[in-house]
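Thanks for making time this morning, everyone. I'd like to walk you through a structure, so let me put it up on the screen.

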Amino acid sequence: MANTKIKAVFFDFMGTCLDWHSGAIKVLPQSIAESERSKLALEWRHDYFDVNTARLAANEPPENIDLTLLKTLNALLEKHLEYKHLFDDRTKHQCVVAWHSMPAWPEVPQAIEKLKASGYEVFVFANGTTRLQLDLCKSSGLRFNMLFSSELLGVYKPAPKSYSKTLELVNVKPEESVMVAAHTSDVRGGREAGMKTVYIHRWTDDINEDMEVIKKENDFFLEDMTSLAEVIGRL
């Protein structure tokens, strides 16, 4: 049953809705052992977050995600010189482009459609470019009411301005909205903005966070989105 107090559900995209890890390890050079490709992918993702955090702290505007991914990949290879010779310019380009085509986690399509059928508006609210989000909707088959990127908003999430501007654009009060994410920074930002929060635990993200702490910080802590519509109905 829909919660009539809640009007809008905002989703982080990569990691929360999309299994970026499986896509990343497929495009990394296959001569590298799968276990090592997994480690590289996780480190690359972590480094990307660090760069965004540094840019936000320095009050710098959002950078095109493709450029950030290329910079962080180059820096990653300087830390792993044993693999550097496997990455020519073409391979690097393929690795970056792969982030535009990631599959949804298995339960996500049905979870989002169930929310829409219950009368909630659903939005992507994530860092990156609008082009990236359009491409990811195409590759994943996910459909939302609208996409809000850091490029469009002019600021990275979790800056307070990103939340207030997004809510203002859809004319929804914080208490009428839910932030759904697999990143502590996203849900903490949402809670500070006055939103309800649902944390989705994904093994690919927040790998250095204490899950016991996160469980206490949010309205709900879920292992996947199977019961998302039900828990939002109880908020």
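**Helices, a sheet and a few odd residues**

Let me begin with helices: H3 passes H5 in a right-handed crossing. Please keep in mind that this is a predicted model. H3 and helix H5, residues 89-97, pack at an angle of about 125°, and their axes are 10 Å apart. What does that angle make the pair: parallel, perpendicular or oblique? Angles of 65 to 115 degrees would count as roughly perpendicular and those over 145 as roughly antiparallel, with this one in neither range, so H3 and H5 are oblique to each other.

Which residues make the contact? From H3 we have Asp66, Leu69, Leu70, Leu73, Asn74 and Leu77, and they meet Lys92, Cys95 and Val96 in H5. By type, the residues of this contact divide into six nonpolar, one polar and two charged.

Now stay with H3 and look at its contact with H2. Helix H2 covers residues 34-57 and helix H3 covers residues 65-79; they pack at an angle of about 125°, with axes 9 Å apart. That angle makes H2 oblique to H3. The crossing of H2 and H3 is right-handed.

If you'd like to highlight that contact, select Leu40, Glu43, Trp44, Asp47, Tyr48, Val51 and Asn52 in H2. They meet Ile65, Thr68, Leu69, Thr72, Leu73, Leu76 and Lys79 in H3. Here the division is eight nonpolar, three polar and three charged. Two names should sound familiar: Leu69 and Leu73 of H3 are listed in the contact with H2, and Leu69 and Leu73 are listed in the contact with H5.

H2 has another neighbour. Helix H1, residues 20-27, is mostly covered, with six of its eight residues buried. Those buried residues are Trp20, His21, Ser22, Gly23, Ala24 and Ile25, and the buried residues of H1 pack against H2.

While we're around H2, have a look at the loop between H2 and H3, where you'll find Asn59. Asn59 has a positive phi of about 60°, although it is not a glycine. Is Asn59 buried or exposed? With a relative accessible area of 71%, Asn59 is exposed.

Let's move over to the sheet. Six strands form an open sheet in the order E3-E2-E1-E4-E5-E6, and the pairing is parallel. Which strands sit at the edges? They are E3, at 146-149, and E6, at 220-222, each of which pairs on one side only. On average, neighbouring strands of this sheet are turned by 20° against each other, ignoring direction.

To zoom in on one pair, take strand E1, residues 8-11, and strand E4, residues 177-181: they pair in the parallel sense over four bridges. Within it, Phe10 stands opposite Met179 in E4.

Two helices lie across these strands. Helix H7, residues 130-140, lies across E2 (121-126) and E3, running at about 140° to E3. Helix H9, residues 160-170, lies across E1, E2, E3 and E4, and runs at about 150° to E2.

There are backbone details on either side of H9 as well. As a quick reminder, most residues other than glycine have a negative phi, and most peptide bonds are trans. In the loop between helix H8, at 150-153, and H9 we find Pro158. The peptide bond from Lys157 to Pro158 is cis, with omega near 20°. Then, in the loop between H9 and E4, there is Asn171. Asn171 has a positive phi of about 55°, again without being a glycine. At 69% relative accessibility, Asn171 counts as exposed.

My last stop is Leu228, in helix H12, residues 228-233. How accessible is Leu228? Its relative accessibility is 0%, so Leu228 counts as buried. Leaving aside residues up to four places away in sequence, Leu228 touches Phe11, Leu115, Val180, Val198 and Leu222. Several of those belong to strands we have just visited: Phe11 lies within E1 and Val180 within E4, while Leu222 falls in E6. For a sense of distance, Leu228 and Val155 are 73 residues apart in sequence and 28 Å apart in space, C-alpha to C-alpha.

That's my tour. Thanks for listening, and do jump in with questions.

Note on methods:
Residues are numbered from 1 along each chain as its sequence is written. This is a predicted model: local features need pLDDT of at least 70, side-chain atom pairs count only at pLDDT 80 or more; totals for chains, interfaces and linings use all residues. Side-chain values use heavy atoms; hydrogens and water are left out. Axes are lines fitted to C-alpha atoms, for helices over the stretch in contact, and angles run from 0 to 180 degrees between N-to-C directions. Angles under 35 degrees count as roughly parallel, over 145 as roughly antiparallel, 65 to 115 as roughly perpendicular and the rest as oblique. A crossing is left-handed if the near helix is turned anticlockwise from the far one by less than a right angle, and right-handed if clockwise. Contact means heavy atoms within 4.5 Å. Ala, Val, Leu, Ile, Met, Phe, Trp, Tyr, Cys and Pro count as nonpolar, Asp, Glu, Lys and Arg as charged, and the others, Gly among them, as polar. Buried means under 20% relative accessible area, exposed over 50%, partly exposed in between (1.4 Å probe, protein chains only). Two strands pair if DSSP finds at least two bridges between them.
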